[in-house]
Every structure is written in C-alpha cells, then in structure tokens.
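I opened the model to see how its helices pack. These are my notes, in the order I looked things up.

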Amino acid sequence: MLFQNNLTFIEPPETFRGTLILESDDGRIGDYTHWLPLLKTKKQKSKWYPFRYGVSACTAVVTNFNGTSGYTTRTQLQALVDAGWEMMNHGMNHVGSLSYELIGSAKAGDVNIEVFLDSMGTAYDYIIRSNTTQNTEIIRPLTVNGKNIILTSPLKNDYEEGSFIELTPENLNTDINGSLDTLISWGFDVKHFVAPFHHVGPVSLAKIAERHLTARTTSVGDTNPLPITNKFRMNGALAGTFNDEKIKSFIDKIYTEDSVAIFYGHGELYGKGSTLDKLVDYAIEKNVRILTRNEAYLLKMV
Ligand SMILES: [Zn+2]
C-alpha cells in the first residue's frame with residue numbers, strides 16, 4: 001500500500017509471498033559454466049532479506065561422479081559455495097533406494113532378472129527375499145539395463161513374482177551417509193537430501209531422516225503448500241516440463257498459495273532467454289523469494 005505524507009512518498013511494506021528454490025541435480029558441469037554466471041546477474045529487491053541480495057541455487061552432488069567427465073570438480077563446487085550456493089547430498093552412486101519387486105518368477109541358476117522400476121545400480125549388493133518361502137540371498141548386479149538386470153553369479157534359490165529386492169543395510173548406509181561424510185570432509189555444510197530418481201521406501205526415508213533436515217523425494221504436483229506435512233516428501237517441478245506459459249502459472253501459483261516450490265534441473269546450459277532466466281526474472285518481478293533449501297528451512301518457509 002502506497003500513501004503520501006507531506007509530499008514524501010513512503011516505501012510500501014515489502015510484499016513477498018511464496019518461496020522458490022532452485023536446484024540442480026547430479027553436480028553437472030553446467031551448474032558452474034551456465035547456471036552460476038546467469039544467476040550472478042540477478043538481484044532480489046528485499047531489504048529484510050537476512051542472507052544476501054543475489055540469487056543462488058543448490059547443487060545436489062553425487063560424490064562418486066565428482067570430477068568425472070561432464071561433472072563439476074571440488075574446486076568448481078567451492079566456487080559455487082563462495083557465490084552463496086548450497087551443496088546437497090544426492091547419494092554416493094546415484095541409485096534408487098526402494099524395495100524393487102521382481103517381475104515374473106526366477107529360478108535357481110538364473111542370472112537374468114527383471115525388476116519393477118529402473119534405478120538399481122552395479123555398485124552395491126542387494127538382498128532378494130521371497131514373500132512366500134524362507135528363500136533369501138545376497139545378489140550383485142553385473143549390468144543394469146533399465147529394468148533388466150544381469151547378476152554376477154547365478155541365483156541359488158527360486159523366487160516368485162513380486163519377491164522383494166533391496167540394498168543391504170550396510171550399502172544403503174554407504175550410499176546415503178557415506179556421501180554425506182564425503183561432502184563434509186570436503187568442507188561443505190550439507191543438511192538436505194535429493195533422492196536419486198525420487199525412488200525411496202520406508203527404510204531409506206528413515207535412513208535419510210537420521211542426518212538430513214529435508215528431502216526431495218517426489219515430483220508429483222508442482223508446489224508444496226504450507227504447512228508441509230512431511231519434510232522428507234518434498235515435491236519438485238522438473239525443468240524440462242516448463243514453457244513460457246508454465247513459468248507464469250508456476251510463479252503465480254506460488255505467490256497465490258504463499259507456498260514453497262522447488263524448480264529442479266540437471267545443469268542445463270541455460271543463458272539469456274532460457275527457462276531459468278525467465279523464471280527467475282518473473283519470480284523477482286512478482287516478489288516471490290528465491291532462497292536455497294537451507295535458507296528456506298531457517299526462515300521456516302519449509
Ligand atoms: Zn539425479
């Protein structure tokens with residue numbers, strides 16, 4: 001509201017509503033080469049803003065991808081942090097961590113199995129467990145091609161359709177907490193999680209909750225209306241689904257609902273005129289706050 005006082009206009013109170021969090025998954029090189037320089041050109045207008053005036057994003061790092069072709073190095077991640085970015089944990093080897101169900105039955109001697117949902121990896125041991133018999137054993141994928149898995153050694157037992165396959169507790173801990181410890185050893189203050197493929201189950205959610213404050217584990221629906229009932233079931237909106245119309249409706253929705261929303265990409269080579277450029281400009285124009293995940297948490301926006 002603007003009002004006049006002896007010919008001097010008084011600044012209206014700030015009218016921020018809603019929170020936008022920018023996240024980039026996997027720690028790809030584009031975070032450093034494209035997102036960072038683009039976001040450095042942006043300024044938020046808020047005066048009460050307690051952390052900074054610029055616009056920063058979050059990188060969800062897969063620690064074993066770090067420094068490999070197409071991914072950021074530790075030095076580049078440090079440059080992001082120096083610019084106000086937040087580092088998040090995205091696991092050590094980028095595998096899903098739910099219970100996978102066996103498609104079809106498998107017999108002793110088989111090396112080929114098929115699972116429902118395609119996010120297993122070759123880095124870890126898994127336990128396969130029958131639902132109807134006492135049969136269980138440790139298996140290790142040799143190759144993973146989507147839902148089709150070839151094992152390093154033949155099954156010892158028979159398993160019916162729907163038998164469960166999940167990471168061993170030790171390997172689940174390694175993937176979630178091993179990567180967290182690695183990021184901490186690199187000097188980063190990491191408090192939040194992004195689940196690879198958004199594939200989680202009750203066991204992995206409990207493991208994530210041990211040492212993280214929030215987790216993005218779903219991309220069903222755009223925004224997170226407040227209050228958030230489960231901080232480990234935060235929703236994200238995938239960058240690839242945005243066009244000019246959606247940029248507007250998304251930001252308008254955040255503002256109208258006074259909700260918190262996560263826009264997430266994968267180190268896209270964004271520049272002037274890109275989705276990220278337009279999204280951030282429109283959020284600033286609408287007075288939607290742009291915060292990192294931990295800033296939103298500290299401000300009780302999450
Ligand atoms: Zn990912």
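**Entry: α1 and α2.** I checked the handedness first, and α1 passes α2 in a left-handed crossing. This is a predicted model, so I read each value as a property of the prediction. Helix α1 covers residues 29–40 and helix α2 covers residues 74–82. I found that their axes come within 10 Å and cross at roughly 20°. That angle makes α1 roughly parallel to α2, because angles under 35 degrees count as roughly parallel. Which residues meet here? From α1 I listed Asp 31, Tyr 32 and Leu 36. Opposite them in α2 are Gln 76, Ala 79 and Leu 80.

**Entry: α5 and α6.** I then looked up a second helix pair. Helix α5 runs over 244–257, and helix α6 over residues 275–285. They pack at an angle of about 30°, with their axes 10 Å apart. The two are therefore roughly parallel to each other. I noted a right-handed crossing where α5 passes α6. On the α5 side, the meeting residues are Asp 244, Ile 247, Lys 248 and Ile 251. On the α6 side, I noted Thr 275, Lys 278, Leu 279, Tyr 282 and Ala 283.

**Entry: Phe 242.** I moved to the loop between β15 (234–238) and α5, where Phe 242 lies. Is Phe 242 buried or partly exposed? I counted 19 other C-beta atoms within 10 Å, so Phe 242 is partly exposed; a buried residue needs 20 or more. Leaving out residues up to four places away in sequence, Phe 242 touches Ile 247, Thr 275 and Leu 279. These three also appear where α5 and α6 meet. I checked one of the pairs by distance. Phe 242 and Thr 275 are 33 residues apart in sequence, and their C-alpha atoms are 7.0 Å apart.

**Entry: Ser 274.** I looked up the loop between β16 (260–265) and α6, which holds Ser 274. Ser 274 has 17 C-beta neighbours inside 10 Å, so I put it down as partly exposed. I also took a distance from Ser 274 to Leu 36, a residue 238 positions away in sequence. The C-alpha to C-alpha value is 14 Å. Leu 36 is one of the α1 residues that meet α2.

**Entry: α3.** Does the length of this helix agree with its residue count, and what does it pack against? I took α3 as residues 169–185, which is 17 residues. At 1.5 Å a residue, the helix should span 24 Å. The end C-alpha atoms are 23 Å apart, so the length agrees. I also found a kink of about 30°, centred on Asp 175. Asp 175 is itself buried, and so listed with Asn 171, Leu 172, Ile 176, Ser 179, Leu 180 and Leu 183. The buried residues of α3 pack against three strands, β4 (58–61), β5 (86–89) and β12 (164–167), and against the helix α4 (202–211). After α3 comes Gly 187, and I noted its positive phi, near 95°.

**Entry: whole chain.** I closed with the totals. The protein chain has seven helices and 17 strands. The C-alpha trace spans about 90 × 35 × 35 Å along its principal axes. Of the 302 residues, 38% count as buried. I then took the contacts with a separation of 6 or more. Residues 24 or more positions apart account for 73% of them.

Terms used
Residues are numbered from 1 along each chain as its sequence is written. This is a predicted model: local features need pLDDT of at least 70, side-chain atom pairs count only at pLDDT 80 or more; totals for chains, interfaces and linings use all residues. Helices (H or I, at least four residues) and strands (E, at least two) are DSSP runs, numbered from the N terminus. The expected span of a helix is 1.5 Å times one less than its number of residues. The bend at a residue is the angle between axes fitted to the seven residues ending there and the seven starting there. A residue is buried if 20 or more other C-beta atoms lie within 10 Å of its own, exposed if 12 or fewer, and partly exposed in between; C-beta atoms are placed from the backbone. Two residues are in contact if their C-beta atoms, placed from the backbone, lie within 7 Å. Axes are lines fitted to C-alpha atoms, for helices over the stretch in contact, and angles run from 0 to 180 degrees between N-to-C directions. Angles under 35 degrees count as roughly parallel, over 145 as roughly antiparallel, 65 to 115 as roughly perpendicular and the rest as oblique. A crossing is left-handed if the near helix is turned anticlockwise from the far one by less than a right angle, and right-handed if clockwise.
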